[in-house]
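Hello,

Here is the structure I promised to pass on to you. Have a look at it first, and then read on for my notes.

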Amino acid sequence: TPARRRMCPLGWLGMASLCLGTLWAVPAQERRKAEKPKADLTLYENLDLDNYDLTLDNYGEILDLSNYEELYDYGDLVPKIEVGTLAPRPKDPKPLPDLGETTLGTPKLQPPSGAGPVPPAPIPGQGSARPGLPSCLLCLCLGTSVYCDDAGLEHIPALPPDTAFLYARFNRIGAVRAGDFSGLEKLKRIDLSGNSISWADADAFRLLPSLQELLLPENRLTALPELPRSIVRLDARRNSIGSAGLRPEALRDLKQLQFLHLSDNQLDFIPVPLPESLRSLHLQNNNIQTMHEDTFCDSQDQGQIRRALEDIRLDGNPINLSLFPNAFFCLPRLPTGRFS
C-alpha cells in the first residue's frame with residue numbers, strides 16, 4: 001500500500017542508525033581503555049627515582065653535624081637536652097655465620113629465628129667505630145665525632161682511633177689518665193666541661209699532636225695540665241687552679257695559643273710570658289693583686305705594638321690597674337678592670 005511504502009524508508013533509516021551507534025560505541029570504549037594508561041604514566045615521566053637513595057656519601061649534604069658544639073651554650077644549657085644511646089648491648093649475642101661465604105650448591109646460612117637481637121653493623125666510613133667499643137654503645141659515634149654528653153661516665157671510654165672530636169660533658173669523670181687518649185693522633189677537640197676532674201696525668205694531653213681545643217670548665221682542677229704545642233684554645237674556667245699549679249713559663253712554647261680563659265680560679269699573678277699569638281686572655285674573678293711592667297709589653301722596646309691581644313679581662317681582681325701604666329703601652333686597648 002502507499003502508506004506501507006512511505007514507512008519503509010523511515011524504518012531502514014532507524015535500523016541503520018542503531019547499527020552504526022553500536023559499531024561506534026565499541027571502539028570508543030576500547031580507545032578510552034588504551035588511552036587511560038598513557039595519561040597515568042605521564043605523571044611519573046619526570047620522577048628520577050634513582051636519586052632517592054640516602055647513602056653516607058650524600059648524608060653529609062643533608063645533615064651537617066660538624067658544628068654540633070655550636071648548639072650548646074655553656075652558660076645556659078637546658079637540662080632536658082641530652083644525647084641518648086644508639087642501642088643497648090645484647091644480653092647474650094650469638095655469633096652469626098659469615099653470610100658472604102658460601103660453597104657451590106650450599107645455600108647461604110641464615111641466623112636462627114630464636115637468636116637475640118643482632119648487634120648493629122658498622123657504618124661505612126666509620127671504620128674503627130666498632131659496636132663493641134664502649135663509646136659507641138653508651139654514646140653516639142658519627143663519623144669522626146663521639147658525643148657522650150650526660151651519659152653517666154666515670155672515666156674516658158675507649159675511643160675509635162680516628163676520633164677527631166670528643167664531647168663528654170656533664171658526666172662524673174674524676175681524672176684523666178695518660179693512656180686515655182693514647183694513639184688518637186687525629187684528635188682535635190676535647191670537651192670535658194662539667195665533670196669532676198681533679199687531676200690529669202702530665203702526658204694525658206701533651207702528646208696529642210693535633211689537639212687544638214681543650215675545654216675543661218667547671219671541674220675541680222688545682223693545676224693546669226701540660227699542653228701540646230698545637231693548642232689554640234684552652235678553657236679552664238671555674239676550677240680551683242692556683243698559681244702553684246702553673247709550671248714556670250708553661251705558656252712560652254705555645255706559639256699557636258690564641259684563647260686562654262682561666263677566670264674564676266685562685267690565681268694570684270698573671271702567667272708569663274704570654275705567647276705573641278694570644279688574642280683573648282680572661283682572668284677575671286681571681287686573686288691577682290699585682291703585675292710586672294713586662295707582663296704584656298717589652299719595657300725595653302718602646303716601639304712594640306701587640307695588635308693581636310685585644311681582649312684582656314682582669315675585672316673581679318683586687319689589683320688596681322692604674323698603678324701599672326707602663327704595662328699597657330703596646331696594647332691596642334686597655335684591659336677591663338679597676339683603674340681607681
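Is tyrosine 167 buried or exposed? With a relative accessible area of 2%, tyrosine 167 is buried, because anything under 20% counts as such. Please keep in mind as you read that this is a predicted model. Tyrosine 167 belongs to strand S3, which covers residues 165–167. Its C-alpha atom is 6.3 Å from that of valine 146, although the two are 21 residues apart along the chain.

Now for the sheet. Nine strands form an open sheet in the order S1-S2-S3-S5-S7-S8-S9-S10-S11, and the pairing is mixed. At the edges are strand S1 (140–142) and strand S11 (311–313), each of which pairs on one side only. Direction ignored, neighbouring strands of this sheet are turned by 5° against each other on average. As a reminder, strands of a sheet pair through backbone hydrogen bonds, either parallel or antiparallel. One parallel pair here is strand S5 (residues 189–191) with strand S7 (residues 213–215), joined over three bridges. Aspartate 191 sits opposite leucine 215 in S7.

The largest nonpolar core has 57 residues. Phe181, Ile190, Leu281, Met291 and Phe296 are the ones with the most contacts inside it. Leaving aside residues up to four places away in sequence, phenylalanine 181 touches Ile156, Leu159, Leu166, Val176, Leu187, Ile190, Ala204, Phe205 and Leu208.

You may also like the cysteines, since the structure holds three disulfides. Here they are one by one:

- Cysteine 136 and cysteine 141 are linked with their sulfur atoms 2.2 Å apart, and at -95° about the S-S bond this link is left-handed. Cysteine 136 is buried at 9% relative accessible area, and cysteine 141 is buried at 3%.
- Cysteine 139 is joined to cysteine 148, S to S 2.1 Å. The torsion about their S-S bond is about 105°, so this disulfide is right-handed. Cysteine 139 is buried at 1% relative accessibility, and cysteine 148 is buried at 1%.
- Cysteine 297 is joined to cysteine 330, S to S 1.9 Å. Cysteine 297 lies in the loop between strand S10 (280–282) and S11, and cysteine 330 in the segment after S11, so the pair ties together parts that are 33 residues apart in sequence. The link is left-handed, with -90° about the S-S bond, and both cysteine 297 and cysteine 330 are buried.

Numbered in sequence order, the bonded cysteines pair as 1-3, 2-4, 5-6.

Best wishes

Methods. Residues are numbered from 1 along each chain as its sequence is written. This is a predicted model: local features need pLDDT of at least 70, side-chain atom pairs count only at pLDDT 80 or more; totals for chains, interfaces and linings use all residues. Side-chain values use heavy atoms; hydrogens and water are left out. A nonpolar core is a set of buried Ala, Val, Leu, Ile, Met, Phe, Trp, Tyr and Cys residues joined through side-chain atoms within 4.5 Å. Buried means under 20% relative accessible area, exposed over 50%, partly exposed in between (1.4 Å probe, protein chains only). Contact means heavy atoms within 4.5 Å. Two strands pair if DSSP finds at least two bridges between them. Helices (H or I, at least four residues) and strands (E, at least two) are DSSP runs, numbered from the N terminus. Axes are lines fitted to C-alpha atoms, for helices over the stretch in contact, and angles run from 0 to 180 degrees between N-to-C directions. A disulfide is a pair of cysteine sulfur atoms within 2.5 Å.
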